[in-house]
Amino acid sequence: MELLQERIRREGRVLPGNIVKVDGFLNHRVDTRLLEDIADEFAKYFDTSKITVVLTAEASGIALATICAQKYGVPMLFAKKAKSDNIESGLIQSEIFSYTYKKKVTLLVSQEWLSENDRVLIIDDFMANGFAVQGLVDIVNEAGAKLEGIGIAVEKGFQGGGDKFRAMPDIPYKALAVIESADENGIIFREDD
């Protein structure tokens with residue numbers, strides 16, 4: 001998606017450790033118009049008429065997933081990273097390693113909100129090594145729901161997370177901006193992904 005790549009080129013920054021900072025428009029301060037364009041782009045790749053829920057992980061994926069869910073006319077569900085007292089029913093959970101926080105976290109979804117009747121589209125703002133998305137896939141599978149696809153706004157292709165999902169023949173996967181390399185010399189995108 002050229003529009004997203006242009007925003008990353010113009011406003012993104014590369015921090016030490018190949019951290020790509022896009023928090024000025026994607027996942028801290030949010031450009032909602034851009035997120036609407038991203039939701040429209042995902043709708044070109046996924047049959048959104050089949051889905052019953054958009055699933056993401058807490059917290060930075062929530063804004064994008066919400067706009068996608070609103071556009072597709074379904075609820076948005078996010079996996080929490082901590083159990084709260086207001087979750088009454090059983091939990092579906094997956095332990096993952098968080099690249100951002102450099103520690104293990106447990107993703108939690110109430111069984112009340114995800115079941116074998118659901119057809120799920122996973123949407124996330126950013127993918128590095130793919131552990132968070134794999135945790136969401138595990139939650140969908142544990143619930144007995146059907147995974148209809150995985151949509152990622154920005155993928156750090158050089159970290160390999162997306163390659164694992166591209167290799168899954170039964171699961172449609174689309175990353176809109178795949179970064180091939182990011183360093184002090186700039187950001188290079190993979191062509192024709």
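Where is Ala 59 found? Ala 59 sits in the loop between strand E3 (53–57) and helix H3 (62–72), where helices (H or I, at least four residues) and strands (E, at least two) are DSSP runs numbered from the N terminus. The structure is a predicted model, in which local features need pLDDT of at least 70 and side-chain atom pairs count only at pLDDT 80 or more, while totals for chains, interfaces and linings use all residues. Residues are numbered from 1 along each chain as its sequence is written, and side-chain values use heavy atoms, with hydrogens and water left out.

The backbone has two features to look for in its loops. Most residues other than glycine have a negative phi, and most peptide bonds are trans. A cis peptide bond, however, joins Glu 58 and Ala 59, with omega at about 5 degrees. Asn 18, which belongs to the loop between strand E1 (13–15) and strand E2 (19–21), has a positive phi near 60 degrees although Asn 18 is not glycine. With a relative accessible area of 32%, Asn 18 is partly exposed; buried means under 20% relative accessible area, exposed over 50%, and partly exposed in between (1.4 Å probe, protein chains only).

We can now turn to the sheet. Strands of a sheet pair through backbone hydrogen bonds, either parallel or antiparallel. Here an open sheet of six strands follows the order E4-E3-E7-E8-E9-E10, with mixed pairing, and two strands are taken to pair if DSSP finds at least two bridges between them. Strand E4 (76–79) and E10 stand at the edges with a single partner strand each, so one side of each is left without a neighbour in the sheet. From one strand to the next the twist averages 25 degrees, where axes are lines fitted to C-alpha atoms, for helices over the stretch in contact, and angles run from 0 to 180 degrees between N-to-C directions.

Within this sheet, E3 and E4 pair in the parallel sense over four bridges, and Leu 55 has Leu 77 in E4 as its bridge partner. Strand E7 (residues 119–127) and E8 also run parallel, joined by eight bridges, and Leu 121 stands opposite Gly 149 in E8. In a regular strand the side chains alternate between the two faces of the sheet. E4 shows such an alternation: Leu 77 and Ala 79 point to one face and are buried, whereas Met 76 and Phe 78 point to the other and are not buried.

Which strands does H1 lie across? H1 lies across E8, E9 and E10, running at about 25 degrees to E9, while helix H4 (residues 131–143) lies across E3, E4, E7 and E8 and runs at about 170 degrees to E7. In helix H1 (residues 2–11), Leu 4, Gln 5, Arg 7 and Ile 8 are buried. Seen down the axis of H1, these buried residues fall within an arc of 160 degrees, so they line one face of the helix; the arc is that of the directions from the helix axis to the C-beta atoms. An α-helix has 3.6 residues a turn, so residues three or four places apart point the same way. The face of H1 turned away from its buried side carries the exposed residues Glu 2 and Arg 10. The buried residues of H1 pack against helix H2 (32–45), strand E8 (146–156), strand E9 (173–183) and strand E10 (186–189), where contact means heavy atoms within 4.5 Å.

Ala 177, which lies in strand E9, is buried with a relative accessible area of 0%. Not counting residues up to four places away in sequence, Ala 177 touches several residues, among them Leu 4, Gln 5 and Ile 8.

The largest nonpolar core has 33 residues, and those with the most contacts inside it are Leu 4, Ile 8, Ile 38, Phe 42 and Tyr 72; such a core is a set of buried Ala, Val, Leu, Ile, Met, Phe, Trp, Tyr and Cys residues joined through side-chain atoms within 4.5 Å. H3 gives the largest share of this core, six residues. A second, separate core of 29 residues includes Val 105, Val 120, Leu 147 and Val 178.

Finally, the structure holds two aromatic pairs. The rings of Phe 42 and Phe 46 have their centres 6.1 Å apart and their planes at 45 degrees, so this pair is tilted, whereas Phe 165 and Tyr 173 form a stacked pair, 6.1 Å centre to centre with 15 degrees between the planes. Rings of Phe, Tyr and Trp (its six-membered ring) pair if their centres lie within 6.5 Å, and planes under 30 degrees apart count as stacked, over 60 as edge-to-face and the rest as tilted.
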